[in-house]
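Please look over the sequence and the model shown here before reading the notes on packing that come after them.

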Amino acid sequence: MDWFSKHWLQLLFVGMYLAMLAWHGWLGKRRTRGLDDFLVGGRRMGGVVIGLSFYATFVSSVTFVGHAGRSYAFGPSWWLICVVVFTTMVLVSWFVIAPPFTRRARELGALTVPDFLGYQYDSLLLRRLAGGVVVVASLAYMVAVYEGATRLLGVLLDLDPTLVTTIIFVVVTTYTLAGGFHSVVATDAVQGVILLAGGMLLPLSMIMRAGGVAPLLGQVRLAMPSVLEWQPRGGLAGDVTVGTLIGLALGVGLKIVVEPRQLSRFYGLADDKQLRRGRWIAPAMLFVTYLVMLPVGFLAHAFVTPEALGGGSGRALTDNVIPHLLGAQVNLLGPVAGAFFLTGLVAAAMSSIDSVLLVAASSADHDLVAPGRADEGVGVSRTRVWVFLLSAVAAVLSLVLDQGITEMSSFSGSLYAACFLPSLIVGLFWKRLGRDAALVAMVTGFGTTLAWFVCKQTGGLGDLRKIHEVYVGVACSHVVAVTMTLVGRGGRR
């Protein structure tokens with residue numbers, strides 16, 4: 001009874017949010033008649049709702065916990081790099097990639113990114129390889145989102161991490177199973193508004209608690225003068241360079257351009273008119289969110305000492321910054337704002353997991369295991385089975401792995417960039433790129449990115465570990481693709 005009396009307001013807010021999820025899940029199930037409806041909403045969606053969904057899909061608990069927490073160590077440089085990189089990537093995605101990609105996807109009748117590549121290059125092997133990449137990279141990202149959400153919700157609700165992960169798993173899997181793309185996009189649109197408002201709560205509360213911006217910055221300088229310098233060096237930042245920070249940001253930001261969960265939003269657009277109608281929504285909302293949310297990390301020095309977080313440096317320190325600000329020791333938000341922010345955190349986790357889950361499940365069945373099967377009714381059922389299995393695997397892995405939220409998210413994006421930038425993006429504009437070049441580039445990008453990441457985690461590479469895997473994977477895959485094409489070994493489309 002004490003637990004309920006303490007958390008009743010938070011439970012009320014979350015309960016209303018869950019009721020909205022149930023409503024959209026029911027509506028989505030009614031509108032789903034076949035695989036086309038389940039995976040891309042029948043290609044009948046409006047630009048505004050797709051723009052909101054695109055934004056909500058990218059912004060997740062990784063943003064609120066991982067990215068914001070990182071600026072506790074890295075300072076304003078991490079803030080500026082993320083804002084510039086992410087905003088640039090979302091503008092490129094909507095204004096450069098989306099127009100030719102959506103038109104070509106309609107021509108090919110593609111439902112997923114792997115089948116787009118398979119049709120584009122007339123290669124079943126390429127389609128299957130791409131499906132495997134999607135499954136692996138999606139699992140890495142879902143692990144990061146599950147971990148971020150579990151850290152925060154566990155602190156705010158005083159619940160065991162395993163129980164929190166189980167609750168998230170049950171809720172997000174259930175409504176994704178029910179309505180597919182329809183319920184995911186409709187829910188994302190509402191979540192997008194909640195996320196934007198929630199992202200502004202923490203910085204505003206910090207300013208109010210300190211008595212203004214100037215006093216807040218003064219307290220930060222007093223606690224940790226070096227954190228407001230633009231060049232991270234030593235101290236909490238550890239052994240890091242600006243190049244490493246740009247690599248981390250690119251690993252995450254390039255997902256906006258090549259990640260199937262983002263690109264799949266374009267599949268749902270009804271026509272080019274809806275594309276033009278929605279193309280400013282995601283860039284504007286993402287820019288504002290990262291502009292106001294990321295400074296929370298370095299401003300947190302006014303309220304949280306490194307010793308209170310356990311001391312040391314690195315991800316173990318920074319991933320705990322935001323949960324500590326919201327916990328009982330600091331209690332930065334009041335009861336009502338805290339309850340709303342909790343709802344925003346739930347929305348952040350759900351809006352990312354549901355999209356990645358649907359994309360990974362569709363790729364696992366539609367591209368990797370059973371490409372070319374036309375039995376749509378059975379296809380929907382099989383995809384739902386994959387939704388359950390992949391969500392369960394990601395939830396379990398999030399409890400047993402400890403790789404860091406930002407690192408896992410960046411690794412996922414690095415895989416996508418290394419594998420799909422040459423074959424999907426370069427191939428979309430450079431018609432000479434053929435099947436063989438796309439195949440070898442994908443294998444090379446996947447292998448080098450994975451090998452570099454594993455070597456870094458196991459302490460290998462020496463000083464080379466400062467080089468982020470996104471640079472290595474993208475460079476190798478592009479060198480292979482371009483070289484094979486120019487020497488005439490790229491194969492035919």
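The following report takes up the nonpolar core, one helix pair and one arginine.

The model is predicted. Its largest nonpolar core has 154 residues, and those with the most contacts inside this core are Phe86 and Phe420. Helix α7, which spans residues 124–157, contributes the largest share of this core, namely 19 residues. When the neighbours of Phe420 within four places in sequence are left aside, Phe420 is in contact with Val113, Leu117, Ala130, Val133, Val134, Val258, Pro260, Ile425 and Met442.

Phe86 also belongs to a contact between two helices, since it is one of the residues through which α5 touches α3. The axes of helix α3 (residues 47–58) and helix α5 (residues 76–108) come within 13 Å of one another and cross at roughly 145 degrees, and the crossing of α3 and α5 is right-handed. The table lists the residues that each helix brings to this contact.

| Helix | Residues in the contact |
|---|---|
| α3 | Ile50, Gly51, Phe54, Phe58 |
| α5 | Phe86, Val90, Ser93, Trp94 |

Taken by character, the residues of the contact of α3 with α5 divide into 6 nonpolar and 2 polar, with no charged residue.

A charged side chain is found elsewhere, in helix α19 (residues 376–400), where Arg382 has its place. Is Arg382 buried or exposed? Arg382 counts as buried because its relative accessible area is 18%, whereas the cut-off for that class is under 20%. The side chain of Arg382 makes a polar contact, at 2.6 Å, with the side chain of Asp365.

Methods:
Residues numbered from 1 in each chain as written. Predicted model: local features only at pLDDT ≥ 70, side-chain atom pairs only at ≥ 80, totals over all residues. Heavy atoms only, no water. Core = buried A, V, L, I, M, F, W, Y, C linked by side-chain atoms within 4.5 Å. Buried < 20%, exposed > 50% of the residue type's maximum accessible area, 1.4 Å probe, protein only. Helix = DSSP H or I, 4+ residues; strand = E, 2+ residues; numbered from the N terminus. Contact = heavy atoms within 4.5 Å. Axes fitted to C-alpha atoms, helices over the stretch in contact; angles between N-to-C directions. Left-handed = near helix turned anticlockwise from the far one by under 90°. Nonpolar A, V, L, I, M, F, W, Y, C, P; charged D, E, K, R; others polar. Polar contact = N/O pair within 3.5 Å; in protein donor to acceptor, adjacent residues only side chain to side chain.
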